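Biologist: Could you take a close look at one residue for me, and set it in the context of the whole chain? Start with the charges, then work your way in.

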Amino acid sequence: QVQLVESGGGSVQAGGSLRLSCAVSAYTYSPNCMGWFRQVSGKKREGVAGICSGSGTTDYADSVKGRFTISRDNAKNTLDLQMNSLKPEDTAMYYCAATVYRLGLTHLLRDNLYSHWGQGTQVTVSS
């Protein structure tokens, strides 16, 4: 059993920054890979960034490369997403996710490979 709780969402103007954090409580296993996903109401959920322990593999959606940075602190049991140069199109509900699988680079942003999800935190970017 893994519980995930996101925080750090909010409203910001275009060009601003936000830092999302996900508190991880792992009772039965420690997730090998974790990711951030986002969803706009009525649209399909999309992978934003993913990271795997051990290998240190990371991947980002093309739309956020160079602006977002994912990081994981195993000692503190947190997963963070630093979001810079935010754009109105980044507006969405952001979800933290975890999986026991050791995902390869091409699978890190596939939401169907993640088994545990947080409740989400809203990010709103105004122009």
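Modeller: Charges, then: the chain carries 12 positive and 9 negative ones, and their mean positions lie 3 Å apart. Bear in mind that this is a predicted model. As for the surface those charges share with everything else, the chain exposes about 6,500 Å², with carbon and sulfur atoms supplying 47% of that area.

On to the fold. You'll find 11 strands and 0 helices here, so the pattern along the sequence is just β-β-β-β-β-β-β-β-β-β-β. The radius of gyration comes out at 14 Å, close to the 14 Å from the globule rule for 127 residues, so the chain is as compact as a globular protein of that length. In terms of extent, the C-alpha trace spans about 45 × 30 × 25 Å along its principal axes. Of the 127 residues, 43% are buried. If you look at contacts with a sequence separation of 6 or more, 62% of them link residues 24 or more positions apart.

Now the close-up, which is Thr78. This residue sits in strand S8, which covers residues 78-83. Its relative accessible area is 18%, and because the cut-off for buried is under 20%, Thr78 counts as buried. What does Thr78 touch, leaving out residues up to four places away in sequence? The list has Ser21 and Cys22, plus Ser71, Arg72 and Asp73. Arg72 counts as positive and Asp73 as negative in the charge tally, so that brings us back to where we began: Thr78 touches both of these residues.

Methods: Residues are numbered from 1 along each chain as its sequence is written. This is a predicted model: local features need pLDDT of at least 70, side-chain atom pairs count only at pLDDT 80 or more; totals for chains, interfaces and linings use all residues. Side-chain values use heavy atoms; hydrogens and water are left out. Helices (H or I, at least four residues) and strands (E, at least two) are DSSP runs, numbered from the N terminus. Buried means under 20% relative accessible area, exposed over 50%, partly exposed in between (1.4 Å probe, protein chains only). Contact means heavy atoms within 4.5 Å. The radius of gyration is taken over C-alpha atoms; the globule rule is 2.2 Å times the number of residues to the power 0.38. Accessible areas come from the Shrake-Rupley method with a 1.4 Å probe; for residues, only the protein chains shown count as cover. The place of a charge is taken as NZ of Lys, CZ of Arg, CG of Asp or CD of Glu.
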